[in-house]
Amino acid sequence: MAFKDLREFISALDKTGDVAHVRKEVDWDKEAGAINRRVHEMWGPALLFEKIKDYPDGFRIFGGSLGTFRRVAIALGMPPDTPVREIYDEYERREEHPIRPVVVKDAPCKENIILGEDVDVYRFPAPMVHEGDGGRYIGTWDIVVSKDPGGEGANWGMYRFMIHNKRHIVGFPRYHSHLARVLNQQYVPGKKPMPMALVLGAEPLCHQAAGTAYGKGLYEAEFAGALRQAPVELVKCETSDLLVPATAEVVIEAEILPDATATEGPFGEYPGYRTGGTRMAVVARIKAITHRNSPIITMLSLGYPPDCCAVATPIAAALAVKRQLKRFGVPVTAVYTPPEAAMHTLVVSVEHGGKDVAKQILDTLTFRRSEWSKIIMVDDDIDAFNMFQVIHALSVKCHPVNGIITRELEPGKGNPITPCYTPEERSEYRGGIALFDCTWPPDWPEDTHLPVKSDFATIYSEETKRKVIENWEEYGLK
Ligand SMILES: Cc1cc2nc3c(=O)[nH]c(=O)nc-3n(C[C@H](O)[C@H](O)[C@H](O)COP(=O)(O)O)c2cc1C
Ligand SMILES: [Mn+2]
């Protein structure tokens with residue numbers, strides 16, 4: 001059964017002990033962010049901060065929605081201790097069946113409507129997340145809704161937004177994001193303001209879909225429906241035709257100004273380091289804010305893994321790579337990016353490997369752009385989800401000269417916040433990618449070249465194994 005809203009999800013987390021209620025007053029200025037950061041690093045629970053300094057009772061902050069695989073499983077309606085590989089498999093199955101959203105008239109997010117001159121975004125306890133951030137971030141775990149005037153549905157993206165002043169927010173949709181592409185092609189040339197809505201506190205799988213890149217003409221709301229296995233309910237904004245999740249806690253209706261920029265950042269980013277300084281960003285003027293009674297704003301104290309961005313976001317990203325590799329004819333069997341990889345290392349298992357397959361994978365992953373900088377290719381007898389096996393394969397099967405294939409990424413194709421890239425590479429969206437081929441060369445003859453795996457399952461005859469297993473307890477072993 002899909003959760004109707006964030007509050008039902010929090011109740012489910014209450015039942016399994018996966019949320020902690022912080023009743024002591026905490027400061028929006030770094031304290032909430034620091035607590036949440038520390039808890040992420042301990043693989044701890046989600047946090048509901050119930051009393052925020054300078055804010056009335058009822059104005060709450062919820063941090064770390066999908067920061068553990070347990071919480072991802074719960075959000076998907078699966079048992080909390082579902083193995084990671086099964087979460088991926090179920091997620092992959094659900095994404096195949098998008099479900100269109102439905103439009104409703106009455107919505108909890110309209111319990112309070114603030115318009116025009118009365119708008120003041122400081123009404124909400126936006127956190128100063130990290131020491132050294134450029135300002136208070138209202139959007140860290142958000143859904144930014146916008147529309148291509150020619151398109152049918154809306155685009156949802158998770159883009160960070162910082163408070164500029166009480167009626168303006170500044171954001172960082174990268175130039176290749178859907179929002180930035182539509183803004184630059186459809187609105188900037190004619191100097192038309194672009195309607196957007198920044199949504200906080202929707203049902204968690206809606207946020208998960210917003211943080212995922214789906215192809216052109218595909219709508220995140222339909223994939224949120226797929227993940228929930230039920231349509232998302234949407235309601236019309238007060239000041240535009242945009243449709244937003246009806247049960248959201250807060251909806252900030254705004255328009256992006258086509259002819260203005262302002263500074264944004266820095267911000268502690270997902271690779272686990274603050275790489276960039278202040279950037280020029282888009283400016284949005286707030287026209288209205290609607291919210292539920294006793295609103296809960298969602299937050300992500302982003303940074304060093306694990307957190308939502310290292311646990312939940314990579315599921316969708318890895319599965320998207322798997323689909324893409326299949327389309328390009330790679331004999332892929334599994335794709336995984338472990339939380340500790342901070343979305344920079346991808347493990348790909350293949351039916352058969354070697355140079356040609358390695359080249360195919362690199363061609364596919366650098367076709368447009370690459371956020372990944374390392375690929376570990378393993379044979380299918382290695383479980384891509386088992387880091388013990390993967391690091392072992394990397395250590396003993398990858399030839400340190402012939403098995404590492406590197407490529408430079410042309411300007412525009414690199415990730416601007418990858419810490420190991422030079423500041424020049426980052427600012428020009430350049431960089432590189434390396435593939436570690438941990439597969440046996442396909443032309444190695446079995447009798448002379450192929451090493452025999454020396455583990456219990458492989459190196460003994462069936463007869464010896466059977467004898468040992470049958471007598472196990474008689475040896476006095478458990
Ligand atoms: C927590 C989090 C924060 C993110 N912040 C940004 C951001 O500020 N700017 C950006 O361009 N992408 C950001 N992303 C990545 C985008 O959400 C992701 O690329 C998504 O696919 C964008 O949607 P789009 O493909 O419709 O543009 C973030 C992702 C997560 C999970
Ligand atoms: Mn999109």
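**Figure 1. Pairing of Thr-406 and Ala-434 in the predicted model.** Thr-406 stands opposite Ala-434, a residue of strand β21. The model shown here and in the following views is predicted. Strand β21 comprises residues 431-438 and pairs with β20 in the antiparallel sense, over 6 bridges. Strands of a sheet are held to one another by backbone hydrogen bonds, in either a parallel or an antiparallel arrangement.

**Figure 2. The open sheet that contains β20 and β21, with its strands in the order β17-β18-β19-β21-β20.** The sheet has 5 strands, and their pairing is mixed. The edges are occupied by β17 (332-336) and β20 (404-409); each has a single partner strand, so one side of each is left without a neighbour in the sheet. On average, and with direction ignored, neighbouring strands of this sheet are turned by 20° against each other.

**Figure 3. Helices α9 and α10 against the open sheet.** Helix α9 (residues 313-327) packs on the sheet and touches β17 and β18 (345-350). The direction of α9 makes about 155° with that of β17. Helix α10 (residues 355-365) lies across four strands, namely β18, β19 (374-379), β20 and β21. Relative to β21, helix α10 runs at about 150°.

**Figure 4. Contact between the two assigned domains.** The domain assignment of the protein gives domain 1 as residues 6-299 and domain 2 as residues 312-438. Taken over C-alpha atoms, the centres of domain 1 and domain 2 are separated by 29 Å. Domain 1 provides 21 residues to the contact and domain 2 provides 16 residues. On the side of domain 1 that touches domain 2, helix α4 (residues 84-95) gives the most, with 7 residues. The residues on that side of domain 1 comprise 10 nonpolar, 7 polar and 4 charged.

**Figure 5. The surroundings of ligand 1.** Ligand 1 is surrounded by 18 residues, of which the closest are Gly-157, Arg-174, Ser-177, His-178 and Ala-213. Two elements, β8 (154-157) and α5 (178-187), give two or more residues to this shell. By residue class, the shell around ligand 1 consists of 9 nonpolar, 7 polar and 2 charged residues.

**Figure 6. Strand β9 and its partners β6 and β10.** Of the 5 residues of strand β9 (residues 161-165), 4 are buried, so the strand is largely enclosed by the rest of the structure. Strand β6 (residues 137-139) pairs with β9 in the antiparallel sense over 2 bridges, and Gly-139 stands opposite Phe-161 in β9. Strand β10 (residues 168-171) also runs antiparallel to β9, to which it is joined by 4 bridges. Met-162 has Val-170 of β10 as its bridge partner. Together β9 and β10 form a hairpin, with 2 residues between the strands.

**Figure 7. The mostly covered helix α7.** Helix α7 spans residues 220-228, and 8 of its 9 residues are buried. The buried residues of α7 are Glu-220, Ala-221, Phe-223, Ala-224, Gly-225, Ala-226, Leu-227 and Arg-228. These buried residues pack against α4, β8, α6 (204-210) and β12 (233-236). Helix α4 also belongs to the side of domain 1 that touches domain 2, and β8 also gives residues to the shell around ligand 1. Gln-229 follows α7 and has a positive phi, near 60°.

How values were computed: Residues are numbered from 1 along each chain as its sequence is written. Chains are lettered from A and ligands numbered from 1 in the order in which they are written. This is a predicted model: local features need pLDDT of at least 70, side-chain atom pairs count only at pLDDT 80 or more; totals for chains, interfaces and linings use all residues. A residue is near a molecule or strand if its C-beta atom, placed from the backbone, lies within 6 Å of it. Ala, Val, Leu, Ile, Met, Phe, Trp, Tyr, Cys and Pro count as nonpolar, Asp, Glu, Lys and Arg as charged, and the others, Gly among them, as polar. Domain bounds come from an automatic or database domain assignment. Two residues are in contact if their C-beta atoms, placed from the backbone, lie within 7 Å. Two strands pair if DSSP finds at least two bridges between them. Axes are lines fitted to C-alpha atoms, for helices over the stretch in contact, and angles run from 0 to 180 degrees between N-to-C directions. A residue is buried if 20 or more other C-beta atoms lie within 10 Å of its own, exposed if 12 or fewer, and partly exposed in between; C-beta atoms are placed from the backbone.
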